[in-house]
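Trainee: Before I rely on any labels here, could we go through how each one is justified?

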Amino acid sequence: MRTGVWLVGARGSVATTSIVGGLALRAGLAGSTGCVTELPELRGPALPAFADLVFGGHDVATTPLCKRAEALATAGVLPGRLVAALPDELAAVEEELRPAPAAGSQAERAAAIVRDLTDFRDRHRLDRVVVVNVSATEPTATAHPAHADPATLRDALTGPDEVLPASSLYAYAALTAGCPYVDFTPSTGARLPALHTLAVERGLPYAGHDGKTGETLVKSVLAPMFAMRHLTVRSWSGINLLGGGDGANLADPAANAAKVESKQRVLGETLGYVPQGGTRIDYVEELGDFKTAWDLITFSGFLGTGMRMEFTWHGCDSALAAPLVLDLARLTAAAHAAGQVGPLTELAFFFKDPLGSPTHSLGEQWTRLVEFTRALHTGLESADGHAG
Ligand SMILES: NC(=O)c1ccc[n+]([C@@H]2O[C@H](COP(=O)([O-])OP(=O)(O)OC[C@H]3O[C@@H](n4cnc5c(N)ncnc54)[C@H](O)[C@@H]3O)[C@@H](O)[C@H]2O)c1
């Protein structure tokens, strides 16, 4: 199943790490540690092979991909030997990167994105293209009456207003071009009634939001533990220190607020109440892509005895995120091939703020993901058997 992976924000740290990782896996130069779709519970015939993935994307930046990869290698995010071993492959992906359309009405920009996507699909004779948003986090979007349905939206986009935030314009263009859409960021993306209806009309799945790679991943394991042991969490405070492009972008208070909201949701929804405390994200340029999170949890047990727990997470953000981007592209491609339509709630395992998931517990999300993937594999096997 030849599958295009179209990255919005294709020259960013997560995208570059995903591309180098995907190319290294294809060339047999690296193992698949971190890719959950390579675990025995998920591996199987419905997923496109790494060798079947073809990368392309949009970015507003123009730094050559090989320079971004070299910079990530210098920073210790990527092994330098891999970047050095893949010059031709990286040059081939560079040919598939397009500038983010910037001129004209939003309808004209969307049409340009649709053209880039369909040209890419045709040029490589791809069975499908999955669009994955890994661009900079946006501030929370302002509501607009045209967000209600596709016809009103289509009209409004031809006018002078910025009706959609960039992430949603990409989602609109992806769905219009017949491509499933995945949002790895906390931005609005496909989370608008008009875009949901469009996805259903076009028979397309979509997934999101905001990759779960660090502090929130740990929270989604620990919070169910406190709940299951009937312990009362009194406060949960966290501070995240990070550099890199994501950290610089999150120094903007509006983008920071959107991210913090996404990170806090897991506690209220898992515990059934919101403990005191909050999450802070501070930009520390020196840390680059390596993030530190400190969390302090106070809780009480039998007869009200007070206790506390602390943890420190030191993660390399892009190295944690990139394999999940590859996993999401493979799973979403398989879901599309199987005729799945609308939000892929079974992919909640991957997200901080998952679409329509009944649970924020990582364990329960894992069980749902395994069942979902098994059904994709079984469906393919029985369809093959039937055809044969
Ligand atoms: N790394 C992680 O663990 C992790 C986890 C969850 C979510 N995320 C999200 O993933 C996203 C990418 O993170 P990163 O570290 O790669 O950031 P980054 O700053 O390195 O990359 C973002 C890229 O998006 C590009 N961009 C900005 N606006 C754009 C637009 N309108 N169209 C096309 N491209 C645009 C930028 O030029 C840049 O190349 C962020 O939103 C981040 O919050 C990352």
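The exchange below takes up the ligand site and then the nonpolar cores.

Mentor: Keep in mind throughout that this is a predicted model.

Trainee: What makes the approach of Thr-137 to the ligand a polar contact?

Mentor: An N or O atom in the side chain of Thr-137 is 2.8 Å from an oxygen atom of the ligand, and a pair of N or O atoms within 3.5 Å counts as a polar contact, so the label applies. The backbone also takes part, since an N or O atom of Ala-136 lies 3.4 Å from a ligand oxygen, and a polar backbone atom of Asp-317 is 3.2 Å from a ligand oxygen.

Trainee: How much of the ligand's accessible area does the protein cover?

Mentor: On its own the ligand has 850 Å² of accessible area, of which the protein covers 88%. Elements giving two or more residues to the surrounding shell include α1 (13–26), β2 (53–59) and α12 (317–337).

Trainee: Which classes of residue make up that shell?

Mentor: Eleven of the shell residues are nonpolar, ten are polar and eight are charged.

Trainee: What makes Phe-350 stand out in the largest nonpolar core?

Mentor: Within that core of 57 residues, Phe-350 is one of those that touch the most other members, together with Leu-7, Phe-55 and Leu-347. The largest share of this core, ten residues, comes from α12. Leaving aside residues up to four places away in sequence, the contacts of Phe-350 include Val-36, Leu-324, Leu-328, Leu-331 and Leu-369. Another core, of 36 residues, lies apart from this one and has Val-129, Leu-164, Leu-192 and Ala-199 among its members.

Definitions and conventions
Residues are numbered from 1 along each chain as its sequence is written. This is a predicted model: local features need pLDDT of at least 70, side-chain atom pairs count only at pLDDT 80 or more; totals for chains, interfaces and linings use all residues. Side-chain values use heavy atoms; hydrogens and water are left out. A polar contact is a pair of N or O atoms within 3.5 Å; within protein, one must be able to donate a hydrogen and the other to accept it, and residues adjacent in sequence count only if both atoms are side-chain atoms. Accessible areas come from the Shrake-Rupley method with a 1.4 Å probe; for residues, only the protein chains shown count as cover. Helices (H or I, at least four residues) and strands (E, at least two) are DSSP runs, numbered from the N terminus. Ala, Val, Leu, Ile, Met, Phe, Trp, Tyr, Cys and Pro count as nonpolar, Asp, Glu, Lys and Arg as charged, and the others, Gly among them, as polar. A nonpolar core is a set of buried Ala, Val, Leu, Ile, Met, Phe, Trp, Tyr and Cys residues joined through side-chain atoms within 4.5 Å. Buried means under 20% relative accessible area, exposed over 50%, partly exposed in between (1.4 Å probe, protein chains only). Contact means heavy atoms within 4.5 Å.
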